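Visitor: Could you take me on a close look at the empty spaces enclosed inside this protein, and at what surrounds them?

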Amino acid sequence: MFAILFKSLISGVLILLSYRFCQANLSNESQNFEEYREAVRIMQKWLASTVDVTQHHFQPCRVCGYELALRHDNQYCEKSDQFKLMHPEVVLNDSYIFRDYGGPDLARKIIASTMYDVLPSFAQNRPVNYSYYELPLETSVIYPYAKNYFRTHPIGRQAGCMFQKYFHVPGQEELAQKSNQSTHYHNYKDNLKQEGKSEQCLKDASYEKPTFRMWNQEDCIQFFNTVNSEEYQQDLQQNGIVYIFKTNRHLGNGILLVDSQNEQQIRDWYQNGNQCGRNDSQVIIQEYLRNPYLFKGHKMEFRSYFQIASTNPHILYGYRRALIKQCALKFDLKDFTKETHVCNTAVTKTHKVQTNQNDDDDLYIDWNLEELQEMLLEQGRINSTNWLQEHLYPQMMRKITHLYFSVDQYMFVDSRVGEFFGVDFIMDDDLNVWIFECNRNPNFLAVTEGRKEKFGKLIPNMLEIQLQLVRSRYKRIQRFLKEKLLTAIKNKKIKFEHNKKDENTPLKQEFLQLMKDRLEPEYQLSSDNLALLAYVGDKQLAQEMNFLPYISKECLQNKRQKL
């Protein structure tokens, strides 16, 4: 405990010395420290005017996870932004990342070996029970497991500084929870139908199998009407599993394969349908994919990754690599064992331990998608050696984009946030892909050397996007500050004090435009970065990036066709 307190104290002293050094540099360079601080305060005021802090995203929440043990300092953002403006190298040349998870966290080990872990002694996965740490002013990306930073640390003052990215988007639970995802999918598809979209458009937008939302009275009643039918019971007995029951839990937990025994359990919970509309448990019962593509007789899934790089404007990236997983037991629709149908790595690892299996090759697949393409070519299932680029990647990007379209209206719109998801796909025997789960804070389990190698590439690629966006924003704001804002301050044309004449000045509007995310020419992604641009929600920026959308204009919602 003493060692932890000592390190925290040392961290605070270093922060203070850095800030004092910043003040000294300002003086040494004949800069007016007060004018410079005035500029930062003005920009922060402008930025604060764009955030409605009464939204639920910024309110205390007892069930939203633990508070990050980072010191509450209402001047933190002012000090951090000002420090960076005087020390461009910490943003433009270095990669300062904050990560809270300790122990066997592979992401943190990769950050420590390829970038700079700003608080290497910080490790937290539970509520604060000791002292708070000072977050170094240099920090560019805050990549925590905890997701309620803006609920506990006021945005713009203690968190969400101008030259930082927080790697959680307030509102991301609308994607990460299966119940929310299913509700938004239903609403999104209904909207497309009401707008008269073609059958092909509706097919392309179909990323999950038909689902009963059991808290919805109509869906719940429909489920019991279905399972009470003679047709369903015959199908179950003759052909095997029809439905799968899911909760909002992850790692393969909260899943039931609806056989006769589990069907009776569901009947008991809902009193044979009499509790429909009264039992509000957030569970779904989904049509099971009965024709998955099989590898050596085993069902397989693949986890791909996508990143909300920004919500101002909306920018999405997919990834050209996937983690391919196979279920532990051979596929059989009449075998209701979880290990036959759930390919989650945690389920497979548990099965491996319980059955004393030592050979990883029998349980884990270390392919890339290129190997999947080669196998399909050998089997005669496809003819093109460009199948990945022509078919699979575009299909995945369309599904991910439709998934995001269904929830983007609930996301906090701001260039200071981003999010990284693991998306689990199943490919059916017709080579169509379906999304069945979206995971925030995806685990990076190094169960094989091949997976460790994949993650060693994925994590730096993912963080490079955020770092380059921060660097690009920094250059724009730095230029604006030197060329316009400081001059206006020196000429007494603008002041920090609340003044109605300042509220909608051209300078403010220009600043807010500069805060919008885009990669500047000198801060493009590395040529070997495997991220794949999936969507850009700004027409002019899309043209600048030469982005060709994966969803045709006629298949977009009417409101998006105007963008």
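Guide: Happy to! First, a word we need: a cavity is a set of grid points where a 1.4 Å probe fits but cannot get out. Rolling a probe the size of a water molecule over the atoms shows where empty space is left. Keep in mind as we go that this is a predicted model. The protein chain has a mean pLDDT of 88, with 89% of its residues at 70 or more. Residues 1-16 have a pLDDT below 50, and so do residues 26-30.

Searching the whole structure turns up eight cavities of 30 Å³ or more. Let's visit the second largest, which holds about 70 Å³ of space. Its lining is made of 13 residues, and those nearest the centre are Gln307, Gly318, Tyr319, Phe420 and Ala531. Three elements each give two or more residues to this lining: β10, β11 (314-319) and α17 (449-490). The biggest contributor is α17, with four residues. Sorted by class, the lining of this second largest cavity has nine nonpolar and four polar residues, and no charged ones.

Now for the largest cavity, with a volume of about 250 Å³. Here 23 residues form the lining, and Lys246, Lys299, Glu301, Ile426 and Phe436 are the closest to the centre. Nine of the lining residues of the largest cavity are charged, beside ten nonpolar and four polar ones. Strands β6 (243-246), β8 (284-287), β10 (298-311), β13 (419-427) and β14 (433-440) each supply at least two residues of this lining. The largest share, four residues, comes from β14.

Two of those strands, β6 and β8, lead us to a sheet. Strands of a sheet pair through backbone hydrogen bonds, either parallel or antiparallel. In this open sheet, four strands follow the order β5-β8-β6-β7, with antiparallel pairing. At the edges sit β5 (211-213) and β7 (255-257), each pairing on one side only. From one strand to the next, the twist averages 20°.

Look at Lys246 again, one of the residues closest to the centre of the largest cavity. Its bridge partner in β7 is Ile255, and β6 and β7 pair over three bridges in the antiparallel sense. Two helices also accompany this sheet. Helix α8 (residues 178-194) lies across β5, β6 and β8 and runs at about 110° to β5. Helix α10 (residues 217-227) packs on the sheet too, touching β5, β6 and β8, and its direction makes about 125° with that of β5.

How values were computed:
Residues are numbered from 1 along each chain as its sequence is written. This is a predicted model: local features need pLDDT of at least 70, side-chain atom pairs count only at pLDDT 80 or more; totals for chains, interfaces and linings use all residues. Side-chain values use heavy atoms; hydrogens and water are left out. pLDDT is the predictor's confidence in each residue, from 0 to 100. Contact means heavy atoms within 4.5 Å. On a 1 Å grid over the protein atoms alone, a cavity is a set of points where a 1.4 Å probe fits but cannot get out, and a pocket is an open set with protein on both sides within 12 Å along at least five of seven lines; lining residues have an atom within 4 Å of a point. Grid points are joined across faces, edges and corners, and a volume is the space filled by probe spheres set on the points. Ala, Val, Leu, Ile, Met, Phe, Trp, Tyr, Cys and Pro count as nonpolar, Asp, Glu, Lys and Arg as charged, and the others, Gly among them, as polar. Two strands pair if DSSP finds at least two bridges between them. Axes are lines fitted to C-alpha atoms, for helices over the stretch in contact, and angles run from 0 to 180 degrees between N-to-C directions.
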